[in-house]
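Here are a few exercises to work through with the viewer open. Try each one yourself before reading on.

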2 protein chains.
Amino acid sequence: MTSIPATGPDDPSALDPRRLLILRAVAQAGSMSAGARALGWTQPAVSQHLQALERSARTPLLLRHSGGVTLTEAGRAAIVHADAIAAHLDAASREVAELAALGAGTVRLAAFPSALAVLVPPALERLAATSGVEVRLVEAEPPEAVELVRSGDVDVALTFGYAESPGVPSDLRGVGLGTDPVDVVLPTTHPAADRGDLRLADLADDDWVAGCVRCREHLVACAATEGFTPRVRHETDDYVVVQQLVARGLAVAALPRTALAAYRHPDVATRTVEGLGARSLHAAHRAGVERVPAVSALLGALRRPARGGTTRTRTGAGA
Amino acid sequence: MTSIPATGPDDPSALDPRRLLILRAVAQAGSMSAGARALGWTQPAVSQHLQALERSARTPLLLRHSGGVTLTEAGRAAIVHADAIAAHLDAASREVAELAALGAGTVRLAAFPSALAVLVPPALERLAATSGVEVRLVEAEPPEAVELVRSGDVDVALTFGYAESPGVPSDLRGVGLGTDPVDVVLPTTHPAADRGDLRLADLADDDWVAGCVRCREHLVACAATEGFTPRVRHETDDYVVVQQLVARGLAVAALPRTALAAYRHPDVATRTVEGLGARSLHAAHRAGVERVPAVSALLGALRRPARGGTTRTRTGAGA
DNA sequence: GCGCAGCCATAAGCCATGCTTGGGCCATGA
DNA sequence: TCATGGCCCAAGCATGGCTTATGGCTGCGC
């Protein structure tokens, strides 16, 4: 694969686009001197450029006469394309500048359900208030979300991790978005629901409903520290389903507060217990993308104190 | 008028078109190294160019990761225009090269009637045989033809001149196309028609029909040298009309051989006399245009020995 | 698990591009 | 006839930009 390209930039017969633009400026100005003034250069500089351009064109592009220059047929042909090049160059500069200034751009964000419900909406609201960045959302649990980042299908993935399992794989980069304490969820009728000094071990004989693999592993690990192995009867990621099961008295569960902020069943009680720890929240992305303004803005919006559940502060009726 | 242009090439936020093309090559190749190989450069050269491009863009255009690079949104936006720029650059190069290689182009030629009838057709035939140059013809007597060159309405003017009046004005350039001897035109019934040693003064008592101003002036000047003033009864540029008048015995005349090659009335005799001289034929043009290939080719075709009247050498029956 | 290969970034050096100043020629117009 | 304005040329110099050399990082294969 050492083939030489058909017409590379070093092709002697290829025209230098910058010199075409100089030709254009001169043609518009009517003379090399006027063109040079418009470009902020001296006249010999422009003259040399155009001589070089004509040398590579192997034909005169303009006729010099007292009072200025006029285009030859070849010069007119070149100018047509120079105009188009100038237009595209201008468009490219404007579009890129707009992306750089946060006036445009879209970021694809993958997030797990509770984050999507609680963390993301206020962040998007802030983002929309201060920029023209658009965000496309994809719901995905951390493993899939990470894979979407790796494949380039999304730019940022909201993930979580526990002490024993990192939230951001080593081949990606990420920023921490704080911790999300895990609480115990009990039926309101559960004897331990009102217990003053509740410990995790107090629930060693209960049936449990667990979530994703890592959540269950975390639960099991915490329980092991407390000296028991939880009986996991049911498995579901869905925090609504979990609470429905708990409310019916079918099991107890451990849910992060974010999930509880997204949805809270009236017939469950939540208790903070020692030894259940917290999950850490992360925004994972490929190295380098954090320098993209739109991504950086989204990360910044996510990092703001989004605590406060789903309450949206808006103009309107106060509390 | 020392105003700075709104967005000149030295605008720091403007993107360098050459660097956009480098970005394009890298994006197509998949990595800076491969792009550098395709461009015939080393990897650091490309890397530095793209860093400079991103600096002027004020946002990353591509993400570096092991195995190569991928475009960011801004990079994709830039590439779209880079593709267009590359296409226009290629089109400009091809069109200009075609004009330089005589594969295309049009030259506008003004000529006086007898040249248009005798000199031009064989020249155009030769030109068409060896190039794709097209010629647009305009009939104009030398004064108007010169004016058309000055105004830029034509590229080349075929003109003639006499010893006392140049064929090419000093503000234009031109090439000589040879001389065109002026002969006397007599009715075949004229007593001098068969005279052995005919001199111009022998026609001092005849009525004359003269052509354009300079032709008449030339005739008058020649006659003055011979010691008489011709009686100019009629005036017309048209060499057919002149010969019609002569054939009827209404006058004698002086006509260039080119005009006689274009049309020869059967009832007139032509005689070469001392002291009538010749007119010189020229191709006049603005300084510099002779370097335009199409113009140069036309001038070359005109300069060939076009003598031989209107006879065209073609494949077919020989003499 | 470890070395290797590929890729990109950086540093230093050097050459050439390309800009500037100064001067000259030419054509135009007062 | 001179003054003006345009383009070209020559010479000098600075900067841009390419090269070589090196290092860090990642991912893959043994």
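**Exercise 1. Domains**

Into which domains is chain A divided?

Solution. Keep in mind that this is a predicted model. Start with the bounds: domain 1 of chain A covers 17-100 and domain 2 covers 106-303. Next, take the C-alpha centres of these two domains of chain A; they lie 60 Å apart.

**Exercise 2. A pair of helices**

Work out whether α4(A) and α4(B) are roughly parallel or roughly antiparallel to each other.

Solution. First, find the helices: α4 spans residues 73-100 in chain A and residues 73-100 in chain B. Second, get the geometry: their axes come within 9 Å and cross at roughly 175°. Third, apply the cut-off: angles over 145 degrees count as roughly antiparallel. α4(A) and α4(B) are therefore roughly antiparallel. To finish, look at what sits in the contact of α4(A) with α4(B): 20 nonpolar, four polar and four charged residues.

**Exercise 3. DNA strand C**

Describe the protein surface near DNA strand C, and say which element gives the most to it.

Solution. Begin with the residue list: 21 residues surround DNA strand C, and the closest are Arg19(A), Thr42(A), His49(A), Ser47(B) and Arg64(B). Sort the surface by class and you get six nonpolar, twelve polar and three charged residues. Now map it onto elements: α3 (43-57) of chain A, plus α2 (32-39), α3 (43-57) and β2 (68-71) of chain B, each supply at least two residues. The top contributor is α3(B), with five residues.

Then turn to the DNA side. Of the strand C atoms within 4 Å of the protein, 67% belong to sugar or phosphate, and the rest to bases. One base example: the side chain of Gln48(A) has an N or O atom 3.1 Å from a base oxygen of strand C. For a phosphate example, go to Arg173(B), where a side-chain N or O atom is 3.3 Å from a phosphate oxygen of strand C.

**Exercise 4. DNA strand D**

Which residues come nearest to DNA strand D?

Solution. Of the 19 residues around strand D, pick out Ser33(A), Ser47(A), Arg64(A), Thr42(B) and His49(B). Sugar and phosphate make up 70% of the strand D atoms that come within 4 Å of the protein. Now check some phosphate oxygens of strand D. One is 2.5 Å from a side-chain N or O atom of Ser47(A), and for the side chain of Thr42(B) the distance is 2.6 Å. Met32(A) uses a backbone N or O atom instead, at 2.7 Å. By class, the surface near strand D has six nonpolar, ten polar and three charged residues.

Note on methods:
Residues are numbered from 1 along each chain as its sequence is written. Chains are lettered from A and ligands numbered from 1 in the order in which they are written. This is a predicted model: local features need pLDDT of at least 70, side-chain atom pairs count only at pLDDT 80 or more; totals for chains, interfaces and linings use all residues. Side-chain values use heavy atoms; hydrogens and water are left out. A residue is near a molecule or strand if one of its heavy atoms lies within 4 Å of it. A polar contact is a pair of N or O atoms within 3.5 Å; within protein, one must be able to donate a hydrogen and the other to accept it, and residues adjacent in sequence count only if both atoms are side-chain atoms. Helices (H or I, at least four residues) and strands (E, at least two) are DSSP runs, numbered from the N terminus. Ala, Val, Leu, Ile, Met, Phe, Trp, Tyr, Cys and Pro count as nonpolar, Asp, Glu, Lys and Arg as charged, and the others, Gly among them, as polar. Domain bounds come from an automatic or database domain assignment. Axes are lines fitted to C-alpha atoms, for helices over the stretch in contact, and angles run from 0 to 180 degrees between N-to-C directions. Angles under 35 degrees count as roughly parallel, over 145 as roughly antiparallel, 65 to 115 as roughly perpendicular and the rest as oblique.
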